[in-house]
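Visitor: I am new to this structure and would like a close look at a single part of it, the place where protein and DNA meet. Please take me through it slowly, and then show me what lies around it.

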There are 2 protein chains.
Amino acid sequence: MFQRYSRQREVVYGILSATDTHPTAEWIYFEAKKVLPNISLATVYRNLRELVAADMAKVVLTKDAKEHFDADVSQHCHFVCESCGKVFDVKTKFDQSAQGVEEEGFVVEKCDVVFFGKCNNCSEIH
Amino acid sequence: MFQRYSRQREVVYGILSATDTHPTAEWIYFEAKKVLPNISLATVYRNLRELVAADMAKVVLTKDAKEHFDADVSQHCHFVCESCGKVFDVKTKFDQSAQGVEEEGFVVEKCDVVFFGKCNNCSEIH
DNA sequence: ATTATAATGATAATCATTATCAATAAGGAT
DNA sequence: ATCCTTATTGATAATGATTATCATTATAAT
C-alpha cells in the first residue's frame with residue numbers, strides 16, 4: 001500500500017487519530033500546516049484517500065457536502081447535529097448481523113449508521 | 001411550501017415516485033425530458049431540493065459523489081452494491097428508538113442506515 | 001554516492017450542485 | 001376573458017469540494 005515513508009502522511013494520520021471531531025480535509029490541512037507549513041492541500045486529500053483505502057480511516061457522510069474523516073475504523077455509529085454541524089461518536093453498539101439483511105440476498109461488508117438531530121448542547125440552548 | 005402548481009414538478013415527482021431505483025438528479029432529468037423536452041436540469045435539481053424540504057422525498061448518500069433520491073419517505077434502510085452501484089431498499093425494519101442513542105444526550109430526529117456489499121446479482125457472477 | 005521512482009507541491013481540471021436573472025406562466029382580481 | 005403580480009422556469013454562469021497533472025523532491029535500495 002504505502003511503499004515509502006512520508007512525513008506528511010505521518011502528520012496527517014497523527015492529526016486525524018488524535019481527534020474525535022471527525023474533521024474535514026480542510027481542517028486537517030490547516031492543522032498540518034502548523035507542523036509542516038509547506039504541506040499542500042492536495043497532499044492532505046491524497047493521503048486521506050490512501051488511508052481510507054488502507055482501512056486506516058473512514059469517511060463519514062454528513063450531508064454538509066464535505067467528507068468527514070475518522071481514524072476509528074471500528075464498527076460504530078455517528079450522530080450529526082443539524083444545528084451546529086458537529087459529528088459525534090455514538091457509544092451504543094449496533095449489531096449489523098442482527099439486522100437480518102443478509103437474508104434478503106445481500107452480502108454485507110460494512111454498514112453506516114448516522115443519526116441526525118440536536119446534540120446535548122444545542123438542545124439546551126434551543 | 002409550493003405556492004403554485006407546475007407541470008415540471010408534477011413530472012419530476014411522478015418519475016421519482018414511480019421507481020424504486022433511487023435515481024440521481026441527472027437520470028430523472030433524462031426521464032423528464034421524454035415528457036417535457038424543454039425541461040432544464042436546474043429545474044429538476046430545484047424541484048428535488050424542494051421536495052426534500054417538503055418531506056416528499058429524501059436523499060440517499062452512497063459514496064459515489066452523487067445524491068440519490070427516494071420518494072419513499074418512510075423509515076427504511078438502504079443497501080448499496082459496491083460492484084454495480086445500485087441502491088436497494090432493505091425490507092428489514094430498523095427500530096431507531098431501540099438503539100439507545102437518546103440516552104447519550106442526543107435528540108434524534110432521523111436516522112440513515114446504509115449497508116454496503118454485493119447485491120444478489122453481483123455476488124453470483126463473482 | 002547513485003539511482004529508480006514514490007510522494008509531494010502547485011495548480012489546473014472536473015463535476016455535481018447552486019445561484020443568477022430575464023422570460024414565462026399560474027391563478028387571483030377585475 | 002383580460003390584466004396583473006410574482007412564483008417558477010430555462011439557460012447558463014458560478015461555486016466549491018475533490019481529483020488529475022506534472023515537474024520537482026526525497027525515500028530507500030543498490
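Guide: What follows begins with the two DNA strands, then turns to chain A, and ends with the aromatic rings.

Please keep in mind throughout that this is a predicted model, and that the distances quoted below are computed from its atoms.

Let us begin with DNA strand C, which has 22 residues around it, and of these A:R4, A:S6, A:T43, B:Y45 and B:E67 come nearest. Three helices each supply at least two residues of the surface near this strand, namely α1 (7-17) and α3 (41-53) of chain A and α3 (41-53) of chain B. Sorted by class, the surface near DNA strand C is made up of eight charged residues, seven polar ones and seven nonpolar ones. Which part of the strand, sugar or phosphate on one side and bases on the other, do the atoms within 4 Å of the protein belong to? For DNA strand C, 69% of those atoms belong to sugar or phosphate, while the rest belong to bases.

Individual polar contacts fill in this picture for DNA strand C. At A:Q3 a polar atom of the backbone is 3.0 Å from a phosphate oxygen of the strand. With A:R4, one of the residues that come nearest to DNA strand C, a polar atom of the side chain lies 2.8 Å from a base oxygen. The side chain of A:R46 also addresses a base, since an N or O atom in that side chain is 3.0 Å from a base nitrogen of DNA strand C.

Turning to DNA strand D, we again find 22 residues surrounding the strand, and the closest are A:R4, A:Y45, A:E67, B:S6 and B:T43. Here α3 of chain A, together with α1 (7-17) and α3 of chain B, each supply at least two residues of the nearby surface. The classes for DNA strand D come to seven nonpolar, seven polar and eight charged residues, and of the strand's atoms within 4 Å of the protein, 70% belong to sugar or phosphate and the rest to bases.

Three side chains can be followed to phosphate oxygens of DNA strand D. In B:S6, an N or O atom of the side chain is 2.7 Å from a phosphate oxygen; in B:N47, an N or O atom of the side chain is 3.1 Å from a phosphate oxygen; and in A:R49, a polar side-chain atom lies 3.2 Å from a phosphate oxygen.

It helps to place these helices within the chain that carries them. Chain A has four helices and five strands, and along the sequence they follow the pattern α-α-α-β-β-β-β-β-α. The C-alpha atoms of chain A fill a box of roughly 50 × 45 × 25 Å along the principal axes, and of its 126 residues, 41% count as buried. Among the contacts in chain A with a separation of 6 or more, 49% are between residues 24 or more positions apart.

One residue to pause at in this chain is A:T24, which has its place in the loop between α1 and α2 (25-35) of chain A. A:T24 counts as buried because its relative accessibility is 16%, below the cut-off of 20%. Apart from its neighbours within four places in sequence, A:T24 is in contact with A:K66, A:E67, A:H68 and A:F69, and A:E67 is also among the closest residues to DNA strand D.

Finally, consider the aromatic rings, of which nine pairs are counted over all chains. The rings of A:F79 and B:F106 have centres 4.1 Å apart and planes at 20°, so this pair is stacked. Because A:F79 lies in strand β3 (residues 77-81) of chain A and B:F106 in the loop between β4 (87-90) and β5 (107-118) of chain B, the pair joins two chains. Both A:F79 and B:F106 are buried. The rings of A:F88 and B:F106, with centres 5.4 Å apart and planes at 50°, form a tilted pair. A:F88 lies in strand β4 of chain A, so this pair with B:F106 of chain B likewise joins two chains. A:F88 is partly exposed, with a relative accessible area of 24%, whereas B:F106 has 7% relative accessibility and counts as buried. Together, A:F79, A:F88 and B:F106 form one aromatic cluster.

How values were computed: Residues numbered from 1 in each chain as written. Chains lettered and ligands numbered in written order. Predicted model: local features only at pLDDT ≥ 70, side-chain atom pairs only at ≥ 80, totals over all residues. Heavy atoms only, no water. Near = heavy atom within 4 Å. Polar contact = N/O pair within 3.5 Å; in protein donor to acceptor, adjacent residues only side chain to side chain. Nonpolar A, V, L, I, M, F, W, Y, C, P; charged D, E, K, R; others polar. Buried < 20%, exposed > 50% of the residue type's maximum accessible area, 1.4 Å probe, protein only. Contact = heavy atoms within 4.5 Å. Phe/Tyr/Trp six-rings, centres within 6.5 Å; stacked < 30°, edge-to-face > 60°.
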